[in-house]
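Here is a quick tour of two ligand sites and one patch of surface. Have a look at the model first, then read on.

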Amino acid sequence: MSMIAAFYGGKSILITGATGFLGKVLIEKLCRTSPDLKVIYILVRPKAGHTLQQRVSQIINTKLFEKVREVCPNLHEKIRAISADLNQNDFAISKEDMQELLSCTNIIFHCAATVRFDDHLRHAVQLNVTATQQLLFMASQMPKLEAFIHISTAFSNCNLKHIDEVIYPCSVEPKKIIDSMEWWDDAIVDEIAPKLMGDWPNTYTYTKALGEMVVQQESGNLNIAIIRPSIVGATWQEPFPGWVDNLNGPNGMIVAAGRGFLRAIRASPLAVADLIPVDTVINLTLAVGWYTAVHRPKSTLIYHCTSGNLNPCNWGKMGCQVLSTFEKIPFEKAFRRPHADFTANTITVHYWNAVSHRAPAMIYDIYLWLTGRKPRMTKLMNRLLRTISMLEYFINRSWEWSTYNTEMLMSELSPEDQRIFNFDVRQLNWLEYIENYVLGVKKYLLKEDMAGIPEAKQHLRRLRNIYYLFNTVFFLIAWRLLIARSQIARNVWFFIMW
Ligand SMILES: CCCCCCCCCCCCCCCCCCCCCCCC(=O)SCCNC(=O)CCNC(=O)[C@H](O)C(C)(C)COP(=O)(O)OP(=O)(O)OC[C@H]1O[C@@H](n2cnc3c(N)ncnc32)[C@H](O)[C@@H]1OP(=O)(O)O
Ligand SMILES: NC(=O)C1=CN([C@@H]2O[C@H](COP(=O)(O)OP(=O)(O)OC[C@H]3O[C@@H](n4cnc5c(N)ncnc54)[C@H](OP(=O)(O)O)[C@@H]3O)[C@@H](O)[C@H]2O)C=CC1
């Protein structure tokens with residue numbers, strides 16, 4: 001019998017960020033392995049045109065929940081959506097709901113965050129810092145609470161090269177920043193943000209670091225643990241390989257490369273690609289929830305959920321495997337044939353951006369315009385290049401994360417739990433994982449049918465012919481113009497012809 005699965009039986013669990021990428025996999029695994037849990041409270045913000053129940057149904061009626069619907073037919077009853085907005089005071093939770101949460105919750109998993117790199121500092125502080133503080137305050141009033149698990153990111157200290165499982169202080173206290181946000185107007189925030197952020201590359205990583213400090217400072221008597229995943233990717237094994245449902249991190253890049261928009265990227269092929277499958281993160285999270293509640297460590301333990309020091313893979317190898325998978329399973333409606341280079345040279349990057357990204361987009365837009373349609377490719381390309389510029393920081397550096405606590409926890413699990421809640425990334429075969437990842441992007445994110453592969457291959461062959469034709473015509477025109485103007489070119493041409 002799994003000790004972890006048994007632990008969650010009969011428990012009332014509160015999850016924030018349940019409608020997000022990690023949150024969905026967390027609910028799925030919890031309900032599948034502990035169908036006898038009492039209730040999962042999820043804090044969901046109302047969205048225009050959707051009731052809370054519709055939002056929940058949208059999630060649990062997806063393929064991700066196929067297996068769990070069999071194990072736990074009363075899934076709907078297990079999940080209780082509570083209307084809440086983490087940006088509001090008391091999360092805008094009704095009095096009755098708040099009362100129920102405070103009196104019943106046993107475990108909290110705090111996943112909600114803004115993960116946008118370009119969010120305004122005020123908004124990022126509100127969600128990633130102030131809301132965390134407020135949730136901790138709520139937790140301190142929960143008599144039955146056994147553990148509070150905070151999901152952070154391995155990049156919260158990306159200004160350092162070697163990162164231990166400890167909390168590093170930021171230069172300005174989070175409380176001061178929270179207070180200041182109340183009276184600083186946006187103009188002041190904009191001006192002061194770069195100074196506050198120092199060598200953090202974006203508001204996301206900076207506010208996640210502040211969030212950790214808040215957790216440390218407000219922990220009081222609570223049993224708290226922090227999990228720091230690196231770049232979270234598609235599922236490795238559970239409930240099935242390759243599941244992914246958003247464009248964050250590498251996903252958008254895989255789409256862009258597979259559709260032939262992304263042809264070159266400024267990246268160090270030898271830098272470690274610290275990807276971690278989402279099911280691995282969730283297995284660790286559930287194991288940490290159990291360990292924190294049952295063993296009650298004296299201090300807040302931090303767990304790195306990373307792959308680099310146990311089973312490293314670099315961006316070069318990953319990129320090559322992505323490209324070779326496209327040959328077997330191409331994406332539909334490609335703009336150009338997938339081909340991409342990693343280059344570390346800034347001049348080469350500018351060259352490729354002009355020749356491989358902007359020029360084809362412009363030519364295509366001219367074609368759209370000539371055929372009476374609305375040009376859109378240049379806009380899309382500019383957006384892609386902007387996204388790439390934000391991700392570049394993470395694909396041109398390597399970090400070392402120590403994983404003592406994670407390894408310690410692994411050794412504490414029974415063989416049964418090590419199997420059911422496997423987070424040993426040493427067992428991961430990267431080539432197989434990446435192939436399933438690309439396949440998952442095609443099936444679950446782009447919602448493409450596998451039956452369309454022959455047509456997609458045919459389309460790529462057409463694009464190849466257009467490419468050859470275009471290059472030949474371009475070469476002949478260029479050469480003809482050159483011959484008309486240069487005696488040397490004429491001599492070379494006649495020599496070749498002769
Ligand atoms: C040797 C040969 C090599 C060949 C290589 C070939 C393949 C390459 C594969 C390998 C991949 C290499 C790249 C990997 C990149 C690694 C990333 C590392 C990130 C680590 C961060 C740490 C992890 C975390 O802790 S948090 C999670 C990460 N968070 C994010 O990723 C969020 C990032 N996103 C943002 O901040 C924003 O979305 C932003 C700024 C990128 C874009 O903002 P904007 O306001 O312009 O757009 P949106 O309103 O968000 O969206 C508008 C529109 O665009 C679509 N879209 C959004 N993001 C992407 C995307 N990444 N790619 C494509 N499209 C995207 C979005 O869906 C919207 O579409 P609509 O149709 O308009 O709705
Ligand atoms: N994805 C990754 O690569 C990594 C993620 N992490 C961390 O994991 C956690 C989860 O990330 P991920 O699942 O990818 O993020 P998503 O963006 O997929 O999900 C974010 C979740 O937070 C919720 N949320 C946002 N704002 C509010 C609000 N005002 N009130 C209530 N709920 C809100 C969203 O709800 P809604 O559906 O309404 O928008 C959604 O459920 C985060 O803490 C992140 O920092 C760490 C490392 C890597």
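For sorting the residues around a ligand, Ala, Val, Leu, Ile, Met, Phe, Trp, Tyr, Cys and Pro count as nonpolar, Asp, Glu, Lys and Arg as charged, and the others, Gly among them, as polar. With that in hand, the shell around ligand 2 splits into 13 nonpolar, seven polar and five charged residues. Keep in mind that this is a predicted model.

Let's stay with ligand 2. It has 25 residues around it, and the closest are Thr19, Arg45, Arg55, Tyr204 and Lys208. On the polar side, the side chain of Asp85 puts a polar atom 2.9 Å from a nitrogen atom of ligand 2. The backbone joins in too: Gly20 has an N or O atom 2.9 Å from an oxygen atom of the ligand, and a polar backbone atom of Gly17 sits 3.3 Å from an oxygen atom of ligand 2. On its own, ligand 2 has 890 Å² of accessible area, and the protein covers 89% of it. Helix 2 (21-33) and helix 10 (203-217) are the elements that give two or more residues to this shell.

Now for ligand 1. Its surroundings hold 29 residues, with Arg116, Phe117, Tyr204, Gly249 and Arg386 coming nearest. By class, the shell around ligand 1 has 18 nonpolar, seven polar and four charged residues. Here are some backbone contacts of ligand 1:

| Residue | Ligand 1 atom | Distance |
|---|---|---|
| Phe117 | oxygen | 2.8 Å |
| Leu247 | nitrogen | 3.2 Å |
| Gly249 | oxygen | 2.8 Å |

Taken alone, ligand 1 exposes 1,500 Å², of which the protein buries 77%. Which elements give two or more residues to the shell around ligand 1? They are helix 11 (250-258), helix 13 (315-328) and helix 15 (377-395). Helix 15 supplies the largest share, with seven residues.

Tyr204 turns up in both lists: it is among the residues that come nearest to ligand 1 and among the closest to ligand 2.

Away from the ligand lists, there is a nonpolar patch on the surface, formed by Ile488, Val492, Phe495, Ile496, Met497 and Trp498. Together these residues have about 800 Å² of accessible area. Ile488 belongs to helix 20 (residues 487-497). Is Ile488 buried or exposed? Ile488 counts as exposed because its relative accessible area is 64%, and the cut-off for exposed is over 50%.

Methods. Residues numbered from 1 in each chain as written. Chains lettered and ligands numbered in written order. Predicted model: local features only at pLDDT ≥ 70, side-chain atom pairs only at ≥ 80, totals over all residues. Heavy atoms only, no water. Near = heavy atom within 4 Å. Polar contact = N/O pair within 3.5 Å; in protein donor to acceptor, adjacent residues only side chain to side chain. Areas by Shrake-Rupley, 256 points an atom, 1.4 Å probe, with all protein chains shown as cover. Helix = DSSP H or I, 4+ residues; strand = E, 2+ residues; numbered from the N terminus. Patch = residues over 30% accessible without salt bridge, like charges linked within 9 Å, V, L, I, M, F, W, Y side chains within 5 Å. Salt bridge = Lys/Arg side-chain N within 4 Å of Asp/Glu carboxyl O. Buried < 20%, exposed > 50% of the residue type's maximum accessible area, 1.4 Å probe, protein only.
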